[in-house]
Amino acid sequence: MRKPESANSEPPGTDSTKSPRERRGFRLRWPSRPDLPLRKRKAPPPRTPSWIDLEGLANMRDLGGTPAAGGVVRPGRLLRSDNLQDLTPDDVARLEKLGLTDVIDLRSAFEVFHEGPTPVSDLDWVGYHNYSFMKEFHGEEIPEANEDLPGKAVPWQHQDFSVQVSDPVTSSYLSFLADRPDSVLRALRTIASAKGAALVHCAAGKDRTGTAVALALTVAGVPRSEIVADYVATSERIGAVIARLRGGKSYDELAEDVSVYRARPEVMEGFFDYLDAEFGGALVLLERLGWTEEDSAALASKLLDE
């Protein structure tokens with residue numbers, strides 16, 4: 001059995017909200033930019049997503065077929081989805097046939113604890129990696145389900161963001177990078193090193209997953225318009241996604257109007273606009289966090305090479 005890997009498992013006394021560089025005194029400046037306009041964007045040209053329909057998932061797709069500067073993302077290399085909690089035995093068998101070897105779970109320790117293990121987390125043919133993109137407010141103690149943390153367990157309900165721009169959803173995406181650069185880099189490196197298909201997921205498969213996938217595609221040379229087109233595809237299934245989440249212990253404060261959770265193109269565009277304005281681009285930022293040319297070559301090779 002392959003041992004699960006977690007970014008939340010730290011030596012005693014370690015502050016798990018800080019990256020290794022931060023622990024050595026390294027701090028990257030993340031200015032809030034409430035003045036940075038979030039421009040209304042037209043929806044990108046439609047491209048039919050490669051949906052993978054499983055009984056226990058609402059939002060799974062293969063990034064294969066996405067055009068990139070150096071070619072095209074190959075099918076069966078990078079998958080994305082919502083929470084794997086409800087996978088059926090037939091779903092698991094299908095994932096094995098799809099060549100799945102690594103699952104990258106971006107949920108918080110609170111979510112993982114209270115939602116329970118997924119049906120693939122203990123399989124010997126799957127490497128399970130839990131890299132939380134959220135601050136772990138509880139430290140080493142996991143609160144009970146009825147305590148005042150569920151609203152902080154998911155990014156769309158936690159409003160105290162480390163980076164503030166005009167849109168709170170864009171603020172949350174930037175805060176993933178500011179608060180958990182260690183998890184971001186680990187997630188990207190795990191995609192690059194996966195022997196087969198790497199599946200990235202969070203709760204809805206939209207916010208944390210969307211951020212990680214957008215960064216991976218950027219490294220691979222995928223045009224921004226294609227990245228945004230993939231991001232907004234989640235809106236096609238947002239009703240089913242939210243219906244699934246309502247059955248979980250961690251997501252009991254969701255709004256009745258599911259349209260507020262749709263993936264808006266201006267949110268992802270605003271994410272990149274901020275990185276361009278403050279750091280000179282997403283790749284420059286990643287390099288300042290510890291990403292290397294070797295990392296970029298490995299990830300591009302994973303996604304693009306035949």
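**Exercise 1.** In this predicted model, find which residues L177 is in contact with, leaving aside its neighbours within four places in sequence.

*Solution.* Start at L177 and apply the contact cut-off: heavy atoms within 4.5 Å. Skip the neighbours within four places in sequence. The list is then W30, V184, L215, F271, L275, L285 and L289.

**Exercise 2.** Place L177 in a nonpolar core and say which elements supply that core.

*Solution.* Step one: the largest nonpolar core has 59 residues. Step two: L177 is among those with the most contacts inside it, along with W30, L106, I191, F271, Y274 and L275. Step three: look at the suppliers. At least two residues each come from α4, α5 (181-193), β9 (197-201), α6 (208-219), α7 (224-232), α9, α10 (282-289) and α11 (293-304). Another core lies apart from this one; it has 16 residues, including L79, L84, L100 and A197.

**Exercise 3.** Describe how helix α4 packs on helix α9.

*Solution.* First, locate the pair: α4 spans residues 168-179 and α9 spans residues 265-279. Next, take the geometry. The axes are 9 Å apart, at an angle of about 45°. The two helices are therefore oblique to each other. The crossing is right-handed. Now list the contact. From α4 come V169, T170, Y173, L174 and L177. They meet E266, V267, M268, G270, F271, Y274 and L275 of α9. Last, sort these residues: nine are nonpolar, two polar and one charged.

**Exercise 4.** Set these parts within the whole chain: how many helices and strands does it have, and what share of its residues counts as buried?

*Solution.* Count the elements: 11 helices and nine strands. Then take burial: 58% of the 306 residues count as buried.

Key: Residues numbered from 1 in each chain as written. Predicted model: local features only at pLDDT ≥ 70, side-chain atom pairs only at ≥ 80, totals over all residues. Heavy atoms only, no water. Axes fitted to C-alpha atoms, helices over the stretch in contact; angles between N-to-C directions. Helix = DSSP H or I, 4+ residues; strand = E, 2+ residues; numbered from the N terminus. Parallel < 35°, antiparallel > 145°, perpendicular 65-115°, else oblique. Left-handed = near helix turned anticlockwise from the far one by under 90°. Nonpolar A, V, L, I, M, F, W, Y, C, P; charged D, E, K, R; others polar. Core = buried A, V, L, I, M, F, W, Y, C linked by side-chain atoms within 4.5 Å. Buried < 20%, exposed > 50% of the residue type's maximum accessible area, 1.4 Å probe, protein only.
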